[in-house]
Amino acid sequence: MGPTIIGFDNYHYKYASGHEGDAPILGFSPRKAAFSLYVYSATERSEKLLADLGKFKMGKACIYVKKLKDINISTLQELCIESIKYINEHHECSCKKK
């Protein structure tokens, strides 16, 4: 997914505005200032999980972490599972294609 994002699987999205594209279901980018984690879907469960994640900053759909030791890895795993579940229920992903 571009030169700086490592993505796992992908899905196609389309906004009400007509803008559409492809994105990884889960992804990360090891940037200089912080790790960018693309593991978030705006669900009620995800919101609750964020409270136990640890030290991070939130972008629109991205979690920024300075050091991996600052976050709860088991909570991160649960966020990943929740995001995969959400994407599978709401978008066409390559994992469904035969």
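Start by selecting Tyr-11, Tyr-15, Ala-23, Tyr-40 and Ala-61, which among the 19 residues lining the largest pocket lie nearest its centre. The model on screen is a predicted one, and the pocket that these residues mark out in it has a volume of about 590 Å³. Colouring by secondary structure helps at this stop, since E1, E2 and H2 each supply at least two residues of the lining. The largest share of that lining, 4 residues, is the contribution of E2.

**The strands**

With the pocket still displayed, select E1 and E2, which pair in the antiparallel sense over 8 bridges. To see one of the bridges in detail, pick His-12, whose partner in E2 is Asp-22. Then follow the chain through the hairpin that E1 and E2 form, with 5 residues between them, and stop in the turn at Gly-18, where phi is positive at about 100°.

Next, keep E2 on screen and add E3 (residues 35-38), which runs antiparallel to E2 and is joined to it by 4 bridges. Here too the two strands are connected by a hairpin, this one passing through 4 residues. A useful pair to label is Phe-28 and its bridge partner in E3, Leu-37.

From E3, move on to E5, which is antiparallel to E3 and joined to it by 3 bridges. Selecting Phe-35 together with Val-65, its bridge partner in E5, shows one place where these strands meet.

**The nonpolar core**

Now hide the pocket and show side chains for Leu-37, Val-39, Leu-53, Ile-63, Leu-76 and Leu-79, which, of the 18 residues in the largest nonpolar core, touch the most other members. Two or more residues of this core come from each of the strands E1 (6-14), E2 (20-30) and E5 (63-65), and from each of H1 and H2. Of the elements, H2 gives the most to the core, with 4 residues.

Centre the view on Val-39 and ask which residues it is in contact with, once its neighbours within four places in sequence are left aside. The list consists of Leu-26, Gly-27, Ile-63, Leu-76, Leu-79, Cys-80 and Ser-83. Of these, take Cys-80 as the next selection; Cys-80 lies in helix H2.

Is Cys-80 buried or exposed? Cys-80 counts as buried because its relative accessible area is 17%, and the cut-off for that class is under 20%. With neighbours within four places in sequence again left aside, Cys-80 is in contact with Leu-26 and Val-39. A distance drawn between the C-alpha atoms of Cys-80 and Leu-26 should read 7.0 Å, although the two residues are 54 residues apart along the chain.

**The salt bridges**

The last part of the tour turns to charged side chains. Side chains of opposite charge can pair when their charged atoms come close. How many salt bridges does the structure hold? There are 3, and each can be displayed in turn.

Begin with Lys-48 and Glu-44, whose side chains meet in a salt bridge at 3.5 Å, N to O. These two residues are separated by about one helical turn, because they stand 4 residues apart in helix H1 (residues 44-50). Both Lys-48 and Glu-44 are exposed.

Next select Glu-78 and Arg-45, whose side chains meet in a salt bridge at 2.7 Å, N to O. This pair links distant parts of the chain, since Glu-78 sits in helix H2 (residues 73-90) and Arg-45 in helix H1, 33 residues apart. Glu-78 counts as partly exposed because its relative accessibility is 29%, and Arg-45 is likewise partly exposed, with a relative accessible area of 40%.

Keep Arg-45 selected and add Glu-82; the side chains of Arg-45 and Glu-82 meet in a salt bridge at 3.9 Å, N to O. Arg-45 lies in helix H1 and Glu-82 in helix H2, so this pair ties together parts that are 37 residues apart in sequence. Glu-82 is buried, with a relative accessible area of 10%. For the final view, show Arg-45, Glu-78 and Glu-82 together, as salt bridges that share partners join these residues into one network.

Technical notes
Residues numbered from 1 in each chain as written. Predicted model: local features only at pLDDT ≥ 70, side-chain atom pairs only at ≥ 80, totals over all residues. Heavy atoms only, no water. Salt bridge = Lys/Arg side-chain N within 4 Å of Asp/Glu carboxyl O. Buried < 20%, exposed > 50% of the residue type's maximum accessible area, 1.4 Å probe, protein only. Core = buried A, V, L, I, M, F, W, Y, C linked by side-chain atoms within 4.5 Å. Contact = heavy atoms within 4.5 Å. Pairing = 2+ DSSP bridges. 1 Å grid on protein atoms, 1.4 Å probe; cavity = no way out; pocket = protein on both sides within 12 Å on 5 of 7 lines; lining within 4 Å. Points joined across faces, edges and corners; volume = space filled by probe spheres on them.
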